[in-house]
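Please look over the sequence and the structure shown here before reading on. The report that comes after them is meant to be read with both in view.

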Amino acid sequence: NFSCNRTGAVVVYKKMDDVWTQWAIIKPDSTIGNARFGHSVSLSGSTLLIGIPQSTVTGLANAGSAELYDLSGGAPVKIYTFTAGADKAANDRFGWSVSIDGPRIVIGAPNKDIAFSNQGAAYMFDLNLTFPLTVSSRGRLSMPSGAKDNDLFGSSVSIAKNFVLVGAPKFDKEALTDNGAALFYERSGNSWVVDTIFYGQF
């Protein structure tokens, strides 16, 4: 916790001579408590993505953010901070889940209000890691149909090349309350299109 309650930290380990050794501890810039820095993490090569879902952004409590770090040098270096941009709102918890694969990033905000309260969303980004770093937004994903209050779409996310999987653990499948769903997307140009929806089986 360091000086503030639930501020958070991320411990980075490197494998040296077949032994995992602590290499660095990354602490948040802000000392505001309960930001939950490190609630989610994802690593691709020497690039680390850290979710901070309860950070305050431009005065919006729990709007959330995520930070990108370069681990290729002698110490971690922060190179970018992600937010939901103009779409952000208090209590979205952007950064609750994060995933990075090379130049592709997905960040979940399960408490995002869209048509319904806590419907949830996932935000897509492309990176160009050559100097100077550039980041392109590739849109916001949400439940394509059947959404309701408290679906929590974006609670979990995973990306691999041109494919993305997003969890909505409280989605109702017909009469099955909180049955849950996982949506599988495929990239088409600069957009992401639903390929398959998986549902819990009871």
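The sections below take up strand pairing, nonpolar cores, a surface patch and some backbone details of this predicted model.

## Strand β5 and its partners

Strand β5 (residues 65-70) has 5 of its 6 residues buried, so the strand is largely enclosed by the rest of the structure. On one hand it pairs with strand β4 (residues 47-52), to which it is joined in the antiparallel sense by 6 bridges, and within this pairing Leu 49 has Leu 68 of β5 as its bridge partner.

On the other hand, β5 pairs with strand β6 (residues 77-82), again antiparallel, over 5 bridges, and here Ala 66 is matched with Phe 82 of β6. The connection from β5 to β6 is a hairpin that passes through 6 residues.

## Ile 26 and its surroundings

Ile 26 belongs to strand β2, and with a relative accessible area of 5% it is buried, because values under 20% are counted as such. When residues up to four places away in sequence are set aside, Ile 26 touches Ala 9, Val 10, Val 12, Phe 37, Leu 48, Ile 50, Tyr 69 and Pro 76. One of these contacts, Ile 50, is 24 residues from Ile 26 along the chain, and the C-alpha atoms of the two are separated by 9.8 Å.

## Two nonpolar cores

In soluble globular proteins, nonpolar side chains tend to be buried together. In this model, the largest nonpolar core has 17 residues, and those with the most contacts inside it are Leu 141, Met 143, Phe 153, Val 164, Val 166 and Tyr 185. Two or more residues of this core come from each of the elements β9 (121-128), β11, β12 (163-168) and β13 (181-188). Apart from it lies another core, of 15 residues, which includes Ala 84, Phe 94, Ile 107 and Phe 125.

Leu 141 gives a more detailed view of the largest core: beyond its neighbours within four places in sequence, Leu 141 is in contact with Gly 120, Ala 121, Ala 122, Met 124, Phe 153, Val 166, Tyr 185 and Trp 192.

## A nonpolar patch on the surface

Nonpolar side chains also occur at the surface, where Val 11, Tyr 13, Trp 20 and Ile 25 form a patch with about 430 Å² of accessible area together. The elements β1 (10-16) and β2 each give two or more residues to this patch. Trp 20, which is placed in strand β2, has a relative accessible area of 56% and is therefore exposed, the limit being over 50%.

## Hairpin and loop backbone

Strand β13 and strand β14 (residues 191-199) run antiparallel and are joined by 8 bridges, with Phe 198 in β14 as the bridge partner of Ala 182. Their hairpin has 2 residues between the strands, and in it Gly 189 takes a positive phi near 65 degrees.

Most residues other than glycine have a negative phi. Arg 36 nevertheless has a positive phi of about 60 degrees although it is not a glycine; it lies in the loop between β2 (19-26) and β3 (40-44), and at 32% relative accessibility it counts as partly exposed. Asn 150, likewise not a glycine, has a positive phi of about 65 degrees; its place is in the loop between β10 (134-141) and β11 (156-160), and its relative accessible area of 34% makes Asn 150 partly exposed.

Technical notes
Residues are numbered from 1 along each chain as its sequence is written. This is a predicted model: local features need pLDDT of at least 70, side-chain atom pairs count only at pLDDT 80 or more; totals for chains, interfaces and linings use all residues. Side-chain values use heavy atoms; hydrogens and water are left out. Helices (H or I, at least four residues) and strands (E, at least two) are DSSP runs, numbered from the N terminus. Buried means under 20% relative accessible area, exposed over 50%, partly exposed in between (1.4 Å probe, protein chains only). A nonpolar core is a set of buried Ala, Val, Leu, Ile, Met, Phe, Trp, Tyr and Cys residues joined through side-chain atoms within 4.5 Å. Contact means heavy atoms within 4.5 Å. Patches are made of residues with over 30% relative accessible area and no salt bridge: like charges are joined within 9 Å, nonpolar side chains (Val, Leu, Ile, Met, Phe, Trp, Tyr) within 5 Å. Accessible areas come from the Shrake-Rupley method with a 1.4 Å probe; for residues, only the protein chains shown count as cover. A salt bridge is a side-chain nitrogen of Lys or Arg within 4 Å of a carboxyl oxygen of Asp or Glu. Two strands pair if DSSP finds at least two bridges between them.
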